[in-house]
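Trainee: I'd like a close look at a single part here, the aromatic pairing and what goes with it. Can you take me through it slowly?

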Amino acid sequence: IQADGTDGNCVTFVLHDEDHTLGNSLRYMVMKNPDVEFCGYCITHPSESKINFRIQTRGALPAVEPFRKGLNDLMGVCQHVLSTFEGSMKEFRAQK
C-alpha cells in the first residue's frame, strides 16, 4: 500500500500469516539502513495473523529496496545461527 503523494519511498507492506517474530526482527534489520527514516509494524488485530509493516525512506530510494535487503540480511543471520547450532550438535554427539 503506497501512501498518497509519494513516489514509492513510503510504503506499507501487508504480511499475511506473520506475527511479532518476523515483524520485530525485520524491523531491526531494516532500521540498520541509514537511508531509512522510519520503520515500524503493527498487528491489525489479535485474531488476525497479519502485520502491517511500514517503511519510509529518505530521498528517492524506493521503500522496497531496504525491505528486500532486510529480508535477505535476516535470512543470512538465520542461516548463520542454524549452521552454528548444527555444528555444535555434531561436535556434542562426537564427544559421546
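Mentor: Let's get one term straight: a residue is buried under 20% relative accessible area, exposed over 50% and partly exposed in between, using a 1.4 Å probe and protein chains only. Keep in mind that this is a predicted model, where local features need pLDDT of at least 70 and side-chain atom pairs count only at pLDDT 80 or more, while totals for chains, interfaces and linings use all residues. Residues are numbered from 1 along each chain as its sequence is written, and side-chain values use heavy atoms, with hydrogens and water left out.

Now the rings. Phe, Tyr and Trp rings (for Trp, the six-membered one) pair if their centres lie within 6.5 Å; planes under 30 degrees apart are stacked, over 60 edge-to-face, and the rest tilted. That rule gives two aromatic pairs. Phe13 and Phe67 are stacked, at 4.0 Å centre to centre with 5 degrees between the planes. Phe13 sits in strand S1 (residues 10–16) and Phe67 in helix H2 (residues 64–95), so this pair ties together parts 54 residues apart in sequence. Helices and strands here are DSSP runs numbered from the N terminus: H or I of at least four residues for helices, E of at least two for strands.

Phe67 also pairs with Phe53, this time tilted, at 5.9 Å centre to centre and 50 degrees between the planes. Phe53 belongs to strand S3 (residues 50–57), so its pair with Phe67 in H2 links parts 14 residues apart in sequence. Put together, Phe13, Phe53 and Phe67 make one aromatic cluster. Phe13 is buried, Phe53 is buried at 0% relative accessible area, and Phe67 counts as buried because its relative accessibility is 10%.

S3 and H2 turn up again if you move over to helix H1 (20–31). The buried residues of H1 pack against strand S2 (36–43), S3 and H2, where contact means heavy atoms within 4.5 Å. Gly23, Leu26, Met29 and Val30 are buried in H1. Down the helix axis, the buried residues fall within an arc of 140 degrees, so they line one face of H1; the arc is taken from the directions from the axis to the C-beta atoms. On the face turned away from that buried side you'll find His20 and Thr21, which are exposed.

One last stop: Asp17, in the loop between S1 and H1. Asp17 has a phi near 60 degrees, positive although the residue is not glycine. Most residues other than glycine have a negative phi. Asp17 counts as exposed because its relative accessibility is 63%.
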